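This briefing introduces a protein chain to a first-year student. Please examine the sequence and the structure first, and then read the points in order.

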Amino acid sequence: MKQFITQNKVVLLFIFAFLIRLINLNQSLWLDEATTAIAVQSHSFWNIVTQFSPADFHPPFYYLFMDLWTNVFGYSEIALRMPSILFSLGAGYFVYRSVLLTGSRIGVRDDRVGFWAAAFFLLNPLIVYYSQEARMYSMVTFFVAASFYYFYELQATSYKLRNLILMNLFLILSFYTFYASIFYIAAVFLFLVYKRKFLIFLVSFLIFLLAVGIISPLLSTQLQNSKIALQTVTNWSMVLGNVSLKNIFLIPLKFTSGRISFEPKMLYYLLAGGWTMVVFGLLGWGVLDSRLRGNDKKMMDPSLPLRMTELVYFIVFPLVLGAIFSFYSPLLQYFRFQYLIVFLSILFSLSLCHPEPIRSEPHGRRLVSGSFLKRFRNKFGMTTIRISILVGFLLWSLVYLLFPQFHREDWKSLAARLKQENVPVYMII
């Protein structure tokens, strides 16, 4: 049995991730999910673009996909949410594949590093929550993960037209699914310039400009409607996510504890905030560790296509761009940036899968940092640390999955109650 689990641990991980996503999958749709259902049920394929999308604030690709999906599988809560489950699993697959390009080159078995990266992603509580939501967030996360894999492969291998085509295809699909992916796309283009991949940058940038040009009439209309909403709807900017310390703080908090909250707030912030500090503290330690190792060519191959500090860039740069843009048009809500958990999971896995103990040098900063990290590692053990973080993610996910008070608004029960009692419903403007 142990040998079977060892040989099939990646497959078993994905099966487990799929099964836990089925828990309470039929909970009530909430407002935005109901918008998805009504849009695809009451509009034809073409009318989604011409009639529904101009009054919406999102690109049409997700709705077009859901129109095709619901024509086959129907409009039940489970049917509407199943694509998000499948897209989240697909994103986990590309996280796993991305790490395979690097693992052996830092002296670690590919499957082990890939397994942990996929596990950190698939059991992340925020990813689990939105994998059960009939909205476009899991789809865009899948497209970002897929585009990053082929972008990563362009750096790791010799130039291949196939990788270039697929990278750009998934970049465009991510933008056609969710506009906020533009911050990741900008990070990719800037990174290509930094790496002096000028030909790849020029081709990719021109292709993306063409894709933006195709959707620009719709985008222009939506931007105008967004400005009108900001001017006429009280506190709409707060709903969208203006730049504030609270919204900035919630990004790492929700990235590690998911979309739940409870009273008393002090206890919630103590537990979730403490957990966030542990997770990101270990991540920072791992990045520092990799930089120390990077000074030794035997311990960190300098030809790696993407180093840990460069992965940090793919997390920080889109957030900075998003914050700057939010001064113009507010959107600084943590769930809009959940695709960054793709890079966070890869970074976390690499930072906690170093195979060798840290060697202390007789002088310099490496003596201080190396001795501290060595004592920490020898005391707790890397496997124990990895399992502890994964169990923590799973526990936060189960808190949401198993306790109804953390589920979505129960409109289904309200509608059934109103129908049963046959009472009038009043709309107040």
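A patch is built from residues with over 30% relative accessible area and no salt bridge, and nonpolar side chains are joined into it when they lie within 5 Å. The model described here is predicted. The protein has 429 residues, of which 52% count as buried. Its secondary structure comes to 20 helices and zero strands.

**The nonpolar surface patch**

- Met1, Phe4, Ile5, Val11, Leu12, Ile15, Leu19 and Leu22 form a nonpolar patch of about 760 Å² on the surface.
- Two elements, α1 (2–7) and α2 (9–20), each give two or more residues to this patch.
- The greatest contribution is that of α2, which supplies four residues.
- Ile5, one of the patch residues, belongs to helix α1.
- Why can Ile5 qualify for a patch? Its relative accessible area is 40%, which makes it partly exposed, and this value is over the 30% that a patch residue needs.

**A buried residue in helix α3**

- Thr36 lies in helix α3, which covers residues 31–42.
- Is Thr36 buried or exposed? Thr36 counts as buried because its relative accessibility is 0%, and the cut-off for a buried residue is under 20%.
- When neighbours within four places in sequence are left aside, Thr36 is in contact with Tyr62, Tyr63, Met66, Ala134 and Arg135.

**An enclosed helix**

- How many residues of helix α17 are buried? Eleven of the eleven residues of this helix, residues 341–351, are buried, and α17 is therefore largely enclosed by the rest of the structure.
- The buried residues of α17 include Ile341, Val342, Phe343, Leu344, Ile346, Leu347, Phe348 and Leu350.
- Ser345, Ser349 and Ser351 are also among the buried residues of α17.

**The nonpolar core**

- The largest nonpolar core contains 131 residues.
- Within this core, the residues with the most contacts are Phe148, Tyr184, Phe314, Phe337 and Phe343.
- Helix α9, residues 137–156, makes the greatest contribution to the core, with 14 residues.
- Phe343 therefore appears in two groups, as a buried residue of α17 and as one of the core residues with the most contacts.

**The protein as a whole**

- Among contacts between residues at least 6 apart in sequence, 77% join residues at least 24 apart.
- The accessible surface comes to about 20,500 Å², and carbon and sulfur atoms account for 68% of this area.

Note on methods:
Residues numbered from 1 in each chain as written. Predicted model: local features only at pLDDT ≥ 70, side-chain atom pairs only at ≥ 80, totals over all residues. Heavy atoms only, no water. Patch = residues over 30% accessible without salt bridge, like charges linked within 9 Å, V, L, I, M, F, W, Y side chains within 5 Å. Areas by Shrake-Rupley, 256 points an atom, 1.4 Å probe, with all protein chains shown as cover. Salt bridge = Lys/Arg side-chain N within 4 Å of Asp/Glu carboxyl O. Buried < 20%, exposed > 50% of the residue type's maximum accessible area, 1.4 Å probe, protein only. Contact = heavy atoms within 4.5 Å. Core = buried A, V, L, I, M, F, W, Y, C linked by side-chain atoms within 4.5 Å.
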